[in-house]
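Please open the model in your viewer and keep the selection panel at hand. The stops below are meant to be taken in order, each with something to select and something to look for.

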Amino acid sequence: MLYGSVLLFALVMVLFGLAYLRPAWVTRITPSQWIVGGGLVLPIPILVLLTGTALVLGEQLLPKGDAPLRFKAHAERWQWTFIYPDGREMSDETLHIPAGQAVDIAVTSEDVIHSFWVPRLGGKIDAIPGHENLIRLEADEPGTYWGQCAEYCGPGHDGMWFRVQAHAAEDFTALMEGRR
Amino acid sequence: MSERPSPIALHKQLEAIWSTPPGLARLSSVNHTILGKRFMALALCFFGIGGLLSMLIRAQMATPDSAFLGPDIYNQVFTMHGTVMMFLFAIPMFEGFAIYMLPKMLGARDLAFPRLTAYGFWCYLFGGSILIVAMLAGVAPNGGWFMYTPLSSKPYTPGINADVWLLGITFVEISAVTAAVELFVTILKMRAPGMALSRMPLFAWYMLVTAGMMIIGFPPLILGSILLELERAFDLPFFDPTRGGDPLLWQHLFWLFGHPEVYIIFLPAAGALSTIIPVFAQRPILGYRAIIAAIVAMAFLSFGLWVHHMFTVGIPHLALAFFSAASALVAIPTAVQIFAWIGTLASGKPRWDIPMLYVAGFFIVFVIGGLTGVMLAMVPFNTQAHDSYFVVAHLHYVLVGGFVFPMLAAIYYWLPHISGRQSLYRLSIPAFWLILIGFNLTFFLMHLTGLMGMPRRISTYPSNWGWDWLNLLSSVGGFVLTMGFALVLADMVLQFRFGARFRRDPWRAGTLEWATATPPPSYNLASIPHIEARADQLQPALIGPTLAGGQGYLGFARAGEQETLGVNMVTGAVEHLITLPRRSYLPLSTALATASFFLALLFRLYWLAPIGALVTLGLFLVWPVSLGEKRDKGPIDIGRGVSVPPDAEAADNVTVLANRTALAMNATLFASLLFGGLFLLVVAPNWQDTGAAQVPLWAAALAILAAMSGAALAARARQGNARGGTTHLDLILAVLAQLAAMATTIAAVLWLDDPTGHAREAVPFVVLGYAGLHCGLGAVMSAHAFWRLTRGYISARRQTEMVLAALWNGYAAGAVILAFGLTGILAMGGAMP
């Protein structure tokens, strides 16, 4: 997408420049060639390809099929509470998940709209009072990933950070067992 | 009108009729040249205020853990920056530009409703002042410029802040509504004879489509603001999920306005580009018809992609795919225009001048904004970049590229028209480079901070994430950008002071506005030309003097009246003579009454608000008193051997068209309300098993019957009058029937359970209230027609008031039927387990 954009930007700039330099072949382009070429032939294949790819990618990212571990993230001004598959709640601003496997997170809100976002793990999903939204994330490697509220939610918005701690599968099981 | 006065004598005679005297009498001005300049000057003041706010933002964000502004102040600052730039700068700026320019470009002497222009200006001034005063008092809105609920609802914003936004912006939007109706009607009906739609300059096409979009686009926002203010003030739960409301309803209503709004801002600027580029390419625009098709396509598409602001709210992926594809499709009409402009330059003999410098800036900045826009239209990318600084970068590239750069080009191109002097050139070139470099330094880097995970609207950030340098550089760029704008301002002041005077048409343009003297006289053109070619390929320097000599239509001053021409909407054939109302203090006093209504709501003086509304309505009823004719005059000489009837005797006059347009706008508002009710029923939580119907069937039947009788009687009165019959009785009965409908509808409202309990009662409360209000308005219109009839203003040929009564009563009947229909559906739906 980046390279394509750079290319298209360069193309438009070069054409704009050529309009002033006026080499002979540019002045010979007819009006309908400009409109049909630039307005239809150029963008349509690019847009079809791009939208198609995005649709397929988006479908792959959807939470469906086999039910993996399901966590809950409950937002409240200005902190997150995480509820684990076994029903326990923890609000130590850290969500522990197993690495190397997809997990579902059901996101809800107590008061205003927040948004659950861990930039390095994937997209964001809004936490909306009265609704429950699902997002599927996967951490490839064990480690710490920071996350934050991405929807402006009032004066405490900038401090609404949290951490996602991804553990190797056996460590995660041990952690869950140990807390029981 | 056989002997013709000299151009100077003609000028003096017309000036005596059209001009506004100096001093306090300026407050009564209704002249479009004066008001257009006022709109633009005030918009530039707000641009300055918004710019200062952005400096505060960049100062705060320059360093991590900054303690310059706390979150409380910072939240007000960024909310006000967005609000001021969108609602108080961009929209009024292009409105003012169109108000100033369109009549001159189309060959009219003023807009269709000069007093409405003035009223709109006062609403803009007063509404904008409410926001600025609130900011100085430290109680500015702080919920972000799109005011998401429930953050902006009472429990989370208990202070006056959100009310300031809702009431102030709605007050300002009155000026957008009036401007939209007025521009739409003026473009369609008030062109120079012979200017068929297919000969209209492209700028007028752009503004016609823009005005049409405003007519459909603004009502959802106004409705949303009314509903949210009702929730805040009277606890009606439209957005509260615990009581059957839904915060997503606000987002739908806001973006249903908010996305078209982006194109509403872009299209006038693109219209300016389509006017400027051919002048400097020294050839007619390439692809005139393709461009018109592109802007119409853009207008349609723009209403089908509001959901792309809501990709992360949990809407099913397939639905997102539709909106994603629609968003990507917009690139096609945009590309058509971009390549039409480049092609025009390439196949002409382009010359280089200051306006073209800013056009080049537009190409650079806007194309980048368009490309990031296509990226954001892709769902997987969007969920990552949404609400991050990437979006901040994108929206500034689109809005500054798509509006500010073209407006700067327009300022350098048209300011000589306003000032009568040419640009000085010295400052404009360094100003351009400062703006271009400063802008890209500020905002290009924000793409990167956004991709690095920096969310928007945080008042500060810790220093361990590598954003520090990028933010500091952005801030430096912001200050460079501001210096550029300061130079442009200085350049404008110097041009008025020291610029060289010139005769007509300094750029060798092809549009009619350059045929006026510069600065333009109050009446624009001493006579109105007959257009025989496409109106962007005229020779203003040649036709200007002949028009000043009175050789066109209406080249004389008659009986102290402000006269201009009305034409057939499509062919441009001259149809009637329009006599415009004179200057008056009514717009100012009506706007003051309106202000009392809004201030009463703001300060919770709820006993005062109805009084303010009634005084406003009463003053509006005084407006038509001075208008109209008491006898049939028949065709009147308009020069060049042509005679046409006066507007009062034309069936298809501007007043009727404006009322039809206003009703279309009103219907969009009502349709949004009905959509909102159904949306809550289907989507909102907590609707299961909430009980059965509340409004008794007999009340619904009675109200519908009465409203339909009122409509039928008003329609019969109109037909009877057109046949020359007496219609007094029909009109009185229509008033009574519509009053009965109003009373029954209000009774039905009182029958409802407590509307604060659940949206199931709150929605019918508002829907029926709306219907009852329109029954009342229908009664007022019938009563007004009756009063005009008894005073002798109505005859079989002068039937405007009768047509209006029939229109508004028909609308009221439709509203009553739909309102009770929705009430029934909600009651049944709520009763389902």
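The tour goes from the domains of one chain to its sheets, then to the contact between the chains, and ends with two helix pairs.

Before the first selection, bear in mind that this is a predicted model.

**Stop 1: the two domains of chain A**

Select residues 2–61 of chain A, which the domain assignment gives as domain 1, and then, in another colour, residues 69–179, which it gives as domain 2. If you place a marker at the centre of each, taken over C-alpha atoms, the centres of domain 1 of chain A and domain 2 of chain A are separated by 41 Å.

**Stop 2: a first sheet in chain A**

Staying with chain A, show the strands S3, S2, S1, S5 and S8, which in that order form an open sheet of five strands with mixed pairing. At its edges you will find strand S3 (89–90) and strand S8 (133–138) of chain A, each of which pairs on one side only. Now select residues 102–109 of chain A, strand S5, and follow its pairing with S8(A), which is antiparallel and extends over six bridges. To pick out a single rung, label A:Asp104, whose bridge partner in S8(A) is A:Arg136.

**Stop 3: a second sheet in chain A**

Next, bring up another open sheet of five strands in chain A, whose order is S4-S10-S9-S6-S7 and whose pairing is again mixed. Strand S4 (94–98) and S7 of chain A are the edge strands here, each pairing on one side only, and the neighbouring strands of this sheet are turned against each other by 25° on average, direction ignored. Within the sheet, select residues 114–117 (strand S6) and residues 143–149 (strand S9) of chain A, which run antiparallel and are joined by two bridges. A:Phe116 is a convenient residue to label, since its bridge partner in S9(A) is A:Cys149.

**Stop 4: where chain A touches chain B**

Display both chains and select the residues in contact between them: 56 residues of chain A meet 60 residues of chain B. On the side of chain A that touches chain B, at least two residues each are supplied by helix H1 (2–21), helix H2 (24–27), helix H3 (31–41), helix H4 (43–61) and strand S7 (124–127) of chain A. H4(A) gives the most to this side, with 11 residues. Coloured by class, the side of chain A that touches chain B shows 36 nonpolar, 14 polar and six charged residues.

**Stop 5: helices H7 and H8 of chain B**

Move to chain B and select helix H7 (residues 247–281) together with helix H8 (residues 288–302), which pack at an angle of about 165° with their axes 9 Å apart. That angle makes H7(B) roughly antiparallel to H8(B), and the crossing of H7(B) and H8(B) is left-handed. Among the residues making the contact are B:Tyr263 and B:Leu267 of H7(B) and B:Ile295 and B:Met298 of H8(B). By class, the contact of H7(B) with H8(B) has seven nonpolar, three polar and no charged residues.

**Stop 6: helices H17 and H18 of chain B**

Finally, select helix H17 (residues 586–602) and helix H18 (residues 608–622) of chain B, which pack at an angle of about 165° with their axes 7 Å apart. H17(B) and H18(B) are therefore roughly antiparallel to each other, and H17(B) passes H18(B) in a left-handed crossing. The residues that meet include B:Ala593 and B:Phe597 in H17(B) and B:Gly612 and B:Leu619 in H18(B). By class, the contact of H17(B) with H18(B) has 12 nonpolar, six polar and no charged residues.

How values were computed:
Residues numbered from 1 in each chain as written. Chains lettered and ligands numbered in written order. Predicted model: local features only at pLDDT ≥ 70, side-chain atom pairs only at ≥ 80, totals over all residues. Domains from an automatic or database assignment. Axes fitted to C-alpha atoms, helices over the stretch in contact; angles between N-to-C directions. Helix = DSSP H or I, 4+ residues; strand = E, 2+ residues; numbered from the N terminus. Parallel < 35°, antiparallel > 145°, perpendicular 65-115°, else oblique. Left-handed = near helix turned anticlockwise from the far one by under 90°. Contact = placed C-beta atoms within 7 Å. Nonpolar A, V, L, I, M, F, W, Y, C, P; charged D, E, K, R; others polar. Pairing = 2+ DSSP bridges.
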